[in-house]
Amino acid sequence: NSLWQQPFGLSPTRKHVVSLVGGGGKTSTMFALAKECSLRGQKVICTTTTKIGAPSKDLSPVLLIAPTIQEMVEKLGRHLVPGEICTVAYGSVRAPHDPTLMKLVGIPAEWVATLRDFADVVIIEADGAAHLPFKMPAGHEPVVPSCTTEMLVLIGTDALGAPIQMGSVHRPELLTAALGVPKGTPLTASMIARVACSPVGLLKGYPTFESPLTPAPSGVVVAPSSPASLTPLTPTSLVSPPLTPTGMTSFSVSPPATPTVGEALCP
């Protein structure tokens with residue numbers, strides 16, 4: 001049975017570029033999905049456009065580090081075979097809080113278009129959340145490659161009811177400003193949905209904005225690449241107010257004709 005590929009609409013007969021954004025759990029999700037794909041005989045590349053901890057050999061038998069795409073291509077040609085998981089990075093540094101731990105430095109997003117020529121599935125951790133379950137992206141986040149075919153938005157279930165403050169959510173000052181609520185306000189399902197469904201929130205960076213949101217296992221929210229579209233709407237046309245960071249346009253999800261599970265989350 002497929003825990004990841006079938007719910008996320010990943011076909012074993014075509015190439016996929018999957019970007020993971022949002023709350024904590026992205027690295028674990030990336031390697032769980034990678035393992036399932038590799039067991040099906042697919043060639044899998046895992047990488048990041050931010051920073052991640054170096055994976056164990058159990059998670060990724062092959063780790064390749066190269067400062068240029070030319071060097072990376074040469075290494076991939078020698079090491080990536082069907083059924084293999086290969087993690088690639090631009091460089092590595094020691095974690096400041098623990099010098100015994102190695103962090104991988106992310107690749108430039110434009111490398112991904114080349115990497116996909118070598119793999120059946122490329123999975124990218126394209127966002128950071130400091131291991132917290134929910135976040136509001138800053139101006140430079142996320143770093144989603146333009147060739148992304150699926151974007152997985154992760155939201156920890158423990159975000160529900162959590163106060164909007166340091167230690168509970170990532171970038172609480174941006175979240176309170178976007179939602180128009182004071183610091184310490186408990187997150188409601190409606191607030192979470194407004195951020196999750198907005199292209200200035202957790203859908204920020206999605207290349208085509210052609211995705212409804214559907215729930216997936218373990219508190220993951222998934223944005224597959226079809227079939228509904230996100231359409232600019234005026235605040236008066238919404239059941240609940242849209243997410244409106246200063247200077248940004250209000251957006252919401254335009255519901256498809258046939259309701260699907262999870263649509264009620266979207267205003």
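Which residues of helix α2 (residues 69-79) are buried? I started there, keeping in mind that this is a predicted model.

**Helix α2**

I looked up the burial along α2 and found Ile-69, Met-72 and Leu-76 to be its buried residues. Viewed down the helix axis, these buried residues fall within an arc of 55 degrees, so they line one face of α2. I then checked the other side of α2, where Gln-70, Gly-77 and Arg-78 are exposed.

Next I asked myself what the buried residues of α2 pack against. My list has three strands and a helix: β2 (44-48), β4 (62-65), β5 (85-89) and α3 (112-115).

**β4 and β5**

Two of those partners deserved a second look. I noted that β4 has a covered face, made of Val-62 and Leu-64. Leu-63 and Ile-65 make up the uncovered face of β4.

How many bridges join β4 to β5, and do the strands run parallel or antiparallel? I got 4 bridges, and the two strands run parallel. For one register point I took Leu-63, whose bridge partner in β5 is Thr-87. I followed the chain from β4 through α2 to β5 and logged this β-α-β crossover as right-handed.

**The open sheet**

I moved on to an open sheet of 3 strands. Its order is β3-β7-β6, and the pairing is antiparallel. β3 (51-53) and β6 (91-95) stand at the edges with a single partner strand each, so one side of each has no neighbour in the sheet. The twist from one strand to the next averages 40 degrees.

Then I checked how β6 meets β7 (residues 98-105): 5 bridges join them, and they run antiparallel. For a register point here I wrote down Ala-95, which stands opposite Asp-98 in β7.

A reminder to myself: strands of a sheet pair through backbone hydrogen bonds, either parallel or antiparallel. My notes have a case of each, with β4 and β5 parallel and β6 and β7 antiparallel.

**Whole chain**

Last, I pulled the totals. I count 5 helices and 13 strands in the protein chain. Of its 267 residues, 50% are buried. The chain exposes about 12,000 Å², and carbon and sulfur atoms supply 59% of that.

I also looked up how far apart in sequence the contacts reach. Taking contacts between residues at least 6 apart in sequence, 66% join residues at least 24 apart.

Note on methods:
Residues numbered from 1 in each chain as written. Predicted model: local features only at pLDDT ≥ 70, side-chain atom pairs only at ≥ 80, totals over all residues. Heavy atoms only, no water. Buried < 20%, exposed > 50% of the residue type's maximum accessible area, 1.4 Å probe, protein only. Contact = heavy atoms within 4.5 Å. Areas by Shrake-Rupley, 256 points an atom, 1.4 Å probe, with all protein chains shown as cover. Arc of directions from axis to C-beta. Pairing = 2+ DSSP bridges. Axes fitted to C-alpha atoms, helices over the stretch in contact; angles between N-to-C directions. Right-handed = clockwise from strand over helix to strand, strands pointing away.
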